Amino acid sequence: MNGRRRLIGSFNHGTMANALPQAIGVQAAQPGRQVVTFSGDGGLAMLLGELLTLRQQRLPVKVVVLNNEALAFVELEMKADGIVNYGTGLDNPNFAEVARSVGLFGVRVETAGELDGALEKAFAHDGPAVVDARVVRHELAIPPKVSVAQASGFALWATRSILGGAGDDVLEVAGANLREVATEFA
């Protein structure tokens, strides 16, 4: 943040679907500002109708959807409490296609190499835009401080998952995050 930008959000686990409504409010109140929302796929799916609001009100909000086909923060909370994930997977549509179907600009990003070009096109578009960015489901958003309770809960989740026949999930989480651990200690 450089003093000219503002970051608005709920910043609490368990809150969902607040990014787009907040962006709509900010854009309506300050039409000259550039407004960008980072929305989770679950939250955006809950409020797909708000894409119509962007169109109806001609609000040039840029919506970046972090699409990991999961309620990922819910999964993270479950892991920290030692609970095996259940009911958190999502079967998402292609959000870029949904955006285009209601008259917005939409682009889907399948690989990291496509991201810069997709963002450039979305920001160059004179109007609302949706960037559907496919991201790694099991990449963890690790808090700055990990408590002993969280670490033991995570270990309990891994143990329960393995014993319950979901060892592949534990391996996916490990594989998705090993590069982050390597970067931390490099």
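This is a chat between a student and a tutor about the predicted model shown above.

Student: Okay, where do I start? How many helices and strands does the protein chain have?

Tutor: Keep in mind that we're looking at a predicted model. The protein chain has eight helices and four strands. Going along the sequence, they come in the pattern α-β-α-α-β-α-α-β-α-β-α-α.

Student: And what size box do the C-alpha atoms fill?

Tutor: Roughly 50 × 35 × 30 Å, taken along the principal axes.

Student: What share of the residues is buried?

Tutor: Buried residues are 31% of the 186 in the protein chain. Here's another number for the whole chain: take the contacts with a separation of 6 or more, and 69% of them are between residues 24 or more positions apart.

Student: Let's do strands. Which strands does β4 pair with?

Tutor: Let's take two pairings. β4, residues 129-134, runs parallel to β3, residues 105-109, and five bridges join them. β4 also runs parallel to β2, with six bridges between that pair.

Student: Which residues sit opposite each other there?

Tutor: On the β2 side, Val63 stands opposite Val130 in β4. On the β3 side, Val107 stands opposite Val131 in β4, and Arg108 has Asp132 as its bridge partner.

Student: Is β4 mostly covered or open?

Tutor: Mostly covered: five of the six residues in β4 are buried.

Student: What kind of unit do β3 and β4 make with helix α6?

Tutor: A right-handed β-α-β unit, where α6 covers residues 115-124.

Student: New topic. Which residues touch the most other members in the largest nonpolar core?

Tutor: That core has 16 residues, and the ones touching the most other members are Leu20, Leu51, Leu54, Val61, Val63 and Val130. Four elements each supply at least two residues of this core: α1 (19-29), α3 (49-56), β2 (62-67) and α5 (95-101). The largest share is from α1, with three residues.

Student: Why would nonpolar side chains gather like that?

Tutor: As a general tendency, nonpolar side chains in soluble globular proteins are buried together.

Student: What does Leu54 contact, if I skip its close neighbours in sequence?

Tutor: Leaving aside neighbours within four places in sequence, Leu54 contacts Leu20, Ile24, Leu59, Val61, Val63 and Pro128. Apart from the core we just talked about lies another one, of eight residues, including Val64, Val107, Ala129 and Ala133.

Student: Now charges! How many salt bridges are there?

Tutor: The count is five. One of them joins Glu75 and Arg137, whose closest N and O atoms are 2.4 Å apart. That pair links distant parts of the chain, 62 residues apart: Glu75 is in helix α4 (residues 72-80), and Arg137 is in the loop between β4 and α7 (148-163).

Student: Is Glu75 buried or exposed?

Tutor: Glu75 counts as buried because its relative accessibility is 3%, and the cut-off for buried is under 20%. Its partner Arg137 has 30%, so Arg137 counts as partly exposed.

Student: What does Glu110 form salt bridges with?

Tutor: One partner is Arg108, at 2.8 Å from N to O. Another is Arg134, where the closest N and O atoms are 3.8 Å apart. Arg134 lies in strand β4 and Glu110 in the loop between β3 and α6, so this pair ties together parts that are 24 residues apart in sequence. Salt bridges with shared partners also join Glu69, Arg108, Glu110, Asp132 and Arg134 into one network.

Student: How exposed are Glu110, Arg108 and Arg134?

Tutor: Glu110 is partly exposed, at 45% relative accessible area. Arg108 is partly exposed too, at 22%, and Arg134 also counts as partly exposed, at 29%.

Student: Last one: how many aromatic pairs are there?

Tutor: A search of the whole structure finds one. The ring centres of Phe154 and Trp157 are 5.2 Å apart and their planes are at 40 degrees, so this pair is tilted.

Student: Why are Phe154 and Trp157 about one helical turn apart?

Tutor: Because they are three residues apart in helix α7. As for accessibility, Phe154 is partly exposed, at 28%, while Trp157 is buried, at 2%.

Notes: Residues numbered from 1 in each chain as written. Predicted model: local features only at pLDDT ≥ 70, side-chain atom pairs only at ≥ 80, totals over all residues. Heavy atoms only, no water. Pairing = 2+ DSSP bridges. Right-handed = clockwise from strand over helix to strand, strands pointing away. Core = buried A, V, L, I, M, F, W, Y, C linked by side-chain atoms within 4.5 Å. Buried < 20%, exposed > 50% of the residue type's maximum accessible area, 1.4 Å probe, protein only. Contact = heavy atoms within 4.5 Å. Salt bridge = Lys/Arg side-chain N within 4 Å of Asp/Glu carboxyl O. Phe/Tyr/Trp six-rings, centres within 6.5 Å; stacked < 30°, edge-to-face > 60°.
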